Amino acid sequence: MISGAPASGKGTQCELIKKKYDLVHIAAGDLLRTEIASGSDNGKRAKEHMDIGQLVPDEIVVMMVKERLMQPDSQDKGWLLDGYPRSLSQATKLQGYGFHPDLFILLEVPEEILVERVVGRRLDPVTGKIYHLKYSPPETEEIAARLTQRFDDTEEKVKLRLHTHHQNVASVLAMFEDTIIKVDGSVSKEAVFAQIDSALTKLLEQRAEKIGSAIA
Ligand code: AP5
């Protein structure tokens with residue numbers, strides 16, 4: 001699981017983790033944006049909450065994430081949950097369904113950096129890749145011309161999202177105390193990934209050792 005304030009770099013790190021560890025990336029925000037794009041009633045209701053930076057109600061988001069976690073690719077390869085759970089009730093329900101993370105990664109980034117990251121973020125609708133006009137600019141003119149901006153990526157809306165984050169984060173962290181690693185998310189994306197990579201490598205080594213000693 002990966003958690004952190006809005007624009008702390010969750011999606012960016014998930015791209016890198018997925019590339020190296022071949023996990024199935026499940027982002028609650030992406031699932032919700034897909035639902036909005038489908039024009040469904042749930043999508044319309046979700047957008048009303050996302051517009052004001054509030055959490056989308058559990059009756060929409062909980063089943064959506066659970067169903068994605070239960071699909072065969074998530075079960076076979078392992079999953080990487082991004083931006084979920086975000087409240088005590090979501091964390092409790094997830095545990096009740098039997099989903100436990102091996103590691104809970106918390107990205108820590110000072111608030112003044114977050115606003116700049118949000119307003120400069122752009123997305124490539126073709127590849128889904130995340131860019132930043134200053135920190136991660138597009139590689140070609142062709143990509144630059146097709147980049148889009150999220151409807152909630154304004155300074156005003158990120159402040160609302162931050163408020164919601166602060167209201168909920170402590171209760172979620174308390175549920176995963178024994179698996180949390182805190183990562184400095186204010187450095188370059190490569191330096192952030194190096195911290196995560198080292199924790200994941202250690203985890204896999206410990207697991208291999210356990211299996212080895214069980215066989216012996
Ligand atoms: P969601 O889409 O999850 O938004 P968020 O939590 O606000 O997080 P972001 O996607 O904005 O940021 P990120 O941490 O992924 O950062 P990124 O890597 O893109 O949720 C949107 C809304 O959906 C919520 O407000 C809520 O309404 C609803 N929702 C979602 N989950 C829910 C749930 N569980 N329950 C109920 N409602 C839910 O990076 C940001 C920018 O910074 C990019 O431009 C990137 O290039 C740049 N960047 C990244 N890392 C670095 C770095 N190290 N240095 C410099 N720049 C960097």
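Student: Where is Gln13 found?

Tutor: Keep in mind that we're looking at a predicted model here. Go through the helices from the N terminus, and Gln13 turns up in helix H1.

Student: Is Gln13 buried or exposed?

Tutor: The cut-off for buried is under 20% relative accessible area. Gln13 has a relative accessible area of 2%, so it counts as buried.

Student: Which residues is Gln13 in contact with, leaving aside its neighbours within four places in sequence?

Tutor: Start with the low numbers: Ile2 is one of the contacts. Further along the chain, the list of contacts goes on with Leu107, Lys189, Val192, Phe193 and Ile196.

Student: What is the phi of Ala7, and is Ala7 buried or exposed?

Tutor: Ala7 sits in the loop between strand E1 (2-4) and H1. Its phi is near 65°, a positive value in a residue other than glycine. With 13% relative accessibility, Ala7 counts as buried.

Student: And how does Asp22 count by its relative accessibility?

Tutor: Asp22 also isn't a glycine, yet it has a positive phi of about 55°. You'll find it in the loop between H1 and E2. Its relative accessibility is 43%, and buried would need under 20% while exposed would need over 50%. Asp22 therefore counts as partly exposed.

Student: Okay, on to the packing. How many residues does the largest nonpolar core have?

Tutor: The residues with the most contacts inside that core are Met1, Leu32, Leu69, Trp79, Leu81, Tyr84 and Leu94. Counting every member, the largest nonpolar core has 27 residues.

Student: Which element gives the largest share of this core?

Tutor: Several elements supply at least two residues each, among them strand E2 (24-27), helix H3 (41-51), helix H4 (58-69) and helix H9 (155-175). The largest share is 6 residues, and it comes from H4.

Student: What does Leu94 touch, not counting residues up to four places away in sequence?

Tutor: Leu94 is one of the residues with the most contacts inside the largest core. Its partners are Met1, Leu69, Leu81, Tyr84, Pro85 and Phe99.

Student: Pro85 is on that list. Is the peptide bond from Tyr84 to Pro85 cis or trans?

Tutor: Pro85 is in the loop between E3 and H6. Omega for the bond from Tyr84 is near -5°, and the bond is cis.

Student: Now the ligand. Which residues come nearest to it?

Tutor: There are 35 residues around the ligand. They divide into 15 nonpolar, 11 polar and 9 charged. Those that come nearest are Thr12, Gln54, Arg86, Arg121 and Arg161.

Student: How far is a polar side-chain atom of Arg161 from an oxygen atom of the ligand?

Tutor: Let's take other polar contacts along the way. An N or O atom in the side chain of Arg117 is 3.3 Å from a nitrogen atom of the ligand, and a polar backbone atom of Tyr131 is 2.7 Å from a ligand oxygen. For Arg161, the distance from a polar side-chain atom to a ligand oxygen is 2.7 Å.

Student: What percentage of the ligand's area does the protein bury?

Tutor: Take the ligand alone, and it exposes 1,000 Å². Of that area, the protein buries 95%.

Student: Which element gives the most to the shell around the ligand?

Tutor: The elements that give two or more residues are helix H1 (10-21), H2, strand E6 (130-132) and helix H10 (189-215). With 4 residues, the one that gives the most is H2.

Notes: Residues are numbered from 1 along each chain as its sequence is written. This is a predicted model: local features need pLDDT of at least 70, side-chain atom pairs count only at pLDDT 80 or more; totals for chains, interfaces and linings use all residues. Side-chain values use heavy atoms; hydrogens and water are left out. A nonpolar core is a set of buried Ala, Val, Leu, Ile, Met, Phe, Trp, Tyr and Cys residues joined through side-chain atoms within 4.5 Å. Buried means under 20% relative accessible area, exposed over 50%, partly exposed in between (1.4 Å probe, protein chains only). Contact means heavy atoms within 4.5 Å. A residue is near a molecule or strand if one of its heavy atoms lies within 4 Å of it. A polar contact is a pair of N or O atoms within 3.5 Å; within protein, one must be able to donate a hydrogen and the other to accept it, and residues adjacent in sequence count only if both atoms are side-chain atoms. Accessible areas come from the Shrake-Rupley method with a 1.4 Å probe; for residues, only the protein chains shown count as cover. Ala, Val, Leu, Ile, Met, Phe, Trp, Tyr, Cys and Pro count as nonpolar, Asp, Glu, Lys and Arg as charged, and the others, Gly among them, as polar.
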